[in-house]
Amino acid sequence: MFDDMFAEVVAPAFFRREPRLRARAYLLGLVSGLERKNGWTLAELAGDATPDGMQRLLNAACWDADGVRDGLGRYVAAQLGDPAAVLVADDTGFEKSGLCSAGVQRQYTGTAGKITNCQIGVFLAYAVPGGARALIDRELYVPRSWTADRDRCEAAGIPEDAGFATKPQLAQAMIGRAVAAGIPFAWFTADEAYGDNGPLREWLEETGIAYVVAVSCDHRVPAGAGRVIRADTLAAKIPPSGWQRVSCGPGSKGERVYDWALVGAGPARYLLIRRSITSSELAFYRCWAPAGATLAELVKVAGARWAVEECFAAAKNETALDHYQVRKHTAWYRHITLAMCAHAWLAVTAAASHRPGDGDPAKKGAGCLRASVPPQQRAPVTTRSLTAMTGR
């Protein structure tokens, strides 16, 4: 099964046999039980006397990491594809001690929970009902401090035509690639860093992609007649009867149950509000569902956002997503892409072991693009209008 994945996803990116076999050894090392997976340990596992071959694979060998990325998307779609799947965007940090790694600077990362010297990678995860999930795309965030310094970019191997792009813009590019590749999905979700970005939400609507994205408490929600209201101000006006207790999916300690309220915010637009049962802490989500959706469905999509965090944890712990010792732009993409392939193979293998029957992906609609349940088959969304909430 491993060799099938390798032949389908990775091997076509190589023209020469030697680097192709090196890539296979690298991947086998990433899925091995080694405690630390760097150039030396991977080389030793492959029987090499030095890490030179592994370093050459990442830095100088001739192969196309973007081609592997595209093959990875097709592989995940074929093996796990589901028209009800959710695309999830998020970023994660890779702490560094020096100043030469491409894109590194002092910046905030949730990985460390603080501002620290690090690189930031923006990723796209694919989550399907039933729990299977895998990373399918990646981009290195290159701050303005880098793109404004061409000499520094050249030293780190950052292409001359690489301009500055925000994290939401990187996410948009990856979603666009998933659409162009025909990867089946029904929804997109992300945290506040992406949900608060108006241009991203507008692009999703223009492209016809339904979404449930987290927004900040001071996010302004359209209230009609040119009026807007803060999300937290609106939440304070919801009466006890406006809340419903619903699970957003299983977690490590059982079902994740919260109180939820749904407020209409225009045609096909909603504000979804989550309240903790124990602390009453609130979280907010902007939703756009042109084909209609139930409260339970919107809640499930909101809960799917944690799939990308689980992918990060698994890929870092199991396939060395963050164990790399490279500085160059190209080498970062190559290691990260191979680590994603290793993680996807583990995810597919795990899903197959729990799948009843023959698990034929064709029966799951793996070749379809986004699909939604027809409106006539959905229960209506129960919402309160902004007018009713604000008394205007």
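How much area does the chain expose, and what share of it do carbon and sulfur atoms supply? In this predicted model, the exposed area of the chain amounts to about 17400 Å², of which 51% is supplied by carbon and sulfur atoms. Of the 392 residues of the chain, 51% count as buried.

The secondary structure of the chain comprises 15 helices and 13 strands. The radius of gyration is 22 Å, close to the 21 Å that the globule rule gives for 392 residues, and the chain is therefore as compact as a globular protein of that length. Along its principal axes, the C-alpha trace spans about 75 × 55 × 40 Å. When contacts between residues at least 6 apart in sequence are considered, 65% of them join residues that are at least 24 apart. With regard to charge, the chain carries 45 positive and 40 negative charges, and the mean positions of these two sets are 4 Å apart.

In soluble globular proteins, nonpolar side chains tend to be buried together. In the present model, the largest nonpolar core has 115 residues, and those with the most contacts inside this core are Val 10, Leu 27, Trp 187, Phe 188 and Leu 272. Helix α14, which covers residues 329-354, contributes the largest share of this core, with 14 residues. A second core, separate from the largest one, has 15 residues, among them Ile 229, Ala 261, Val 263 and Leu 271.

Burial can also be followed at the level of a single helix, as in the case of α12. Seven of the ten residues of helix α12 (residues 295-304) are buried, so that this helix is largely enclosed by the rest of the structure. The buried residues in α12 are Leu 295, Leu 298, Val 299, Val 301, Ala 302, Gly 303 and Ala 304.

A further local environment is that of Thr 147, a residue of helix α6, which covers residues 144-147. The relative accessibility of Thr 147 is 17%, and because buried means under 20% relative accessible area, Thr 147 counts as buried. Once its neighbours within four places in sequence are left aside, Thr 147 is in contact with Val 142, Cys 153, Ala 162, Gly 163 and Phe 164. Glu 160, which is 13 residues apart from Thr 147 in sequence, lies 9.1 Å from Thr 147 in space, C-alpha to C-alpha.

Terms used:
Residues are numbered from 1 along each chain as its sequence is written. This is a predicted model: local features need pLDDT of at least 70, side-chain atom pairs count only at pLDDT 80 or more; totals for chains, interfaces and linings use all residues. Side-chain values use heavy atoms; hydrogens and water are left out. Helices (H or I, at least four residues) and strands (E, at least two) are DSSP runs, numbered from the N terminus. The radius of gyration is taken over C-alpha atoms; the globule rule is 2.2 Å times the number of residues to the power 0.38. Buried means under 20% relative accessible area, exposed over 50%, partly exposed in between (1.4 Å probe, protein chains only). Contact means heavy atoms within 4.5 Å. Accessible areas come from the Shrake-Rupley method with a 1.4 Å probe; for residues, only the protein chains shown count as cover. Lys and Arg count as positive and Asp and Glu as negative; His and the chain ends are not counted. The place of a charge is taken as NZ of Lys, CZ of Arg, CG of Asp or CD of Glu. A nonpolar core is a set of buried Ala, Val, Leu, Ile, Met, Phe, Trp, Tyr and Cys residues joined through side-chain atoms within 4.5 Å.
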